[in-house]
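This report examines one sheet of a protein model and the cysteines connected with it. The reader is invited to look at the sequence and the structure first.

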Amino acid sequence: LYVELRALDLVESVFVDLDRDLVLTPAEARQGQGRIAGLLDGSASVANEGVACEPTGTAEVEVPGADAAGGVSQVNLRMTVQCNAAVTELRAELRLHEVVRQSRHRNLANCPLPGDRTDQHVFAGSAPTFETDVHQPPEQLSVWGAVRVYVALGVEHIVTGYDHLLF
């Protein structure tokens, strides 16, 4: 399970912005890796055919390079799990919106599956679970279906983002 976290969520929820300037630098993110990885403890779970898959260790934190302002806009978490049997019916649950205390919080997750297939899901308070059957072909959206989904997400992002409303 590969999850992208916005830097602002990290600043607000795990206090890794050491100089409190609301800009998360790569150095601050690297120094706070343990707290960032801890976000997945208790808020993420994966099961195969209803049987829990066990994490193989702590989550890995990937910190990208700095942007033009010297900060990072997102930090990536990778959680690796071991399932008892071959993966057939996978269910992932991510409740980070409870940890970061934002009801509108969203995370994009990439889930690599057998057969060089990767499924994606947007986790949110209203959609904290993702289920897939690896034997079924992935749901294919038409071009207009994908446009409709992205336009709706974009409008919601602009309207509900307090930073957008300030300007």
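The following text describes the sheet, then one of its strands, and then the cysteines.

The model is predicted: local features need pLDDT of at least 70, side-chain atom pairs count only at pLDDT 80 or more, and totals for chains, interfaces and linings use all residues. Residues are numbered from 1 along each chain as its sequence is written, and side-chain values use heavy atoms, with hydrogens and water left out.

**The sheet**

Strands are DSSP runs of at least two residues marked E, numbered from the N terminus. Two strands pair if DSSP finds at least two bridges between them. Five strands form an open sheet in the order E6-E3-E2-E7-E10, and the pairing is antiparallel. E6 and E10 (129-133) are the edge strands, each pairing on one side only.

**Strand E2 and its partners**

Strand E2 covers residues 44-48. A residue is called buried when its relative accessible area is under 20%, exposed when this is over 50%, and partly exposed in between (1.4 Å probe, protein chains only). In E2, 4 of the 5 residues are buried, so the strand is largely enclosed by the rest of the structure. E2 pairs in the antiparallel sense with E7 (residues 89-94) over 5 bridges, and in the antiparallel sense with E3 (residues 51-55) over 3 bridges. The table lists residues of E2 with the residues that stand opposite them.

| Residue in E2 | Opposite residue | Strand of the opposite residue |
|---|---|---|
| Ser 45 | Glu 93 | E7 |
| Val 46 | Cys 53 | E3 |
| Asn 48 | Val 51 | E3 |

The hairpin of E2 and E3 has 2 residues between the strands, and Glu 49 takes a positive phi near 55° there. In a regular strand, side chains alternate between the two faces of the sheet.

**The cysteines**

A disulfide is a covalent bond between the sulfur atoms of two cysteines; here the criterion is a pair of cysteine sulfur atoms within 2.5 Å. How many disulfides does a search of the whole structure find? The search finds 1 disulfide. This disulfide joins Cys 53 to Cys 83, with an S to S distance of 2.1 Å. Cys 53 lies in E3 and Cys 83 in the loop between E6 (81-82) and E7, so the pair ties together parts that are 30 residues apart in sequence. The torsion about the S-S bond is about 100°, so the disulfide is right-handed. Cys 53 and Cys 83 are both buried.

Cys 111, in contrast, is in no disulfide; the nearest cysteine sulfur, that of Cys 83, is 9.2 Å away. Cys 111 is buried, with a relative accessible area of 7%.
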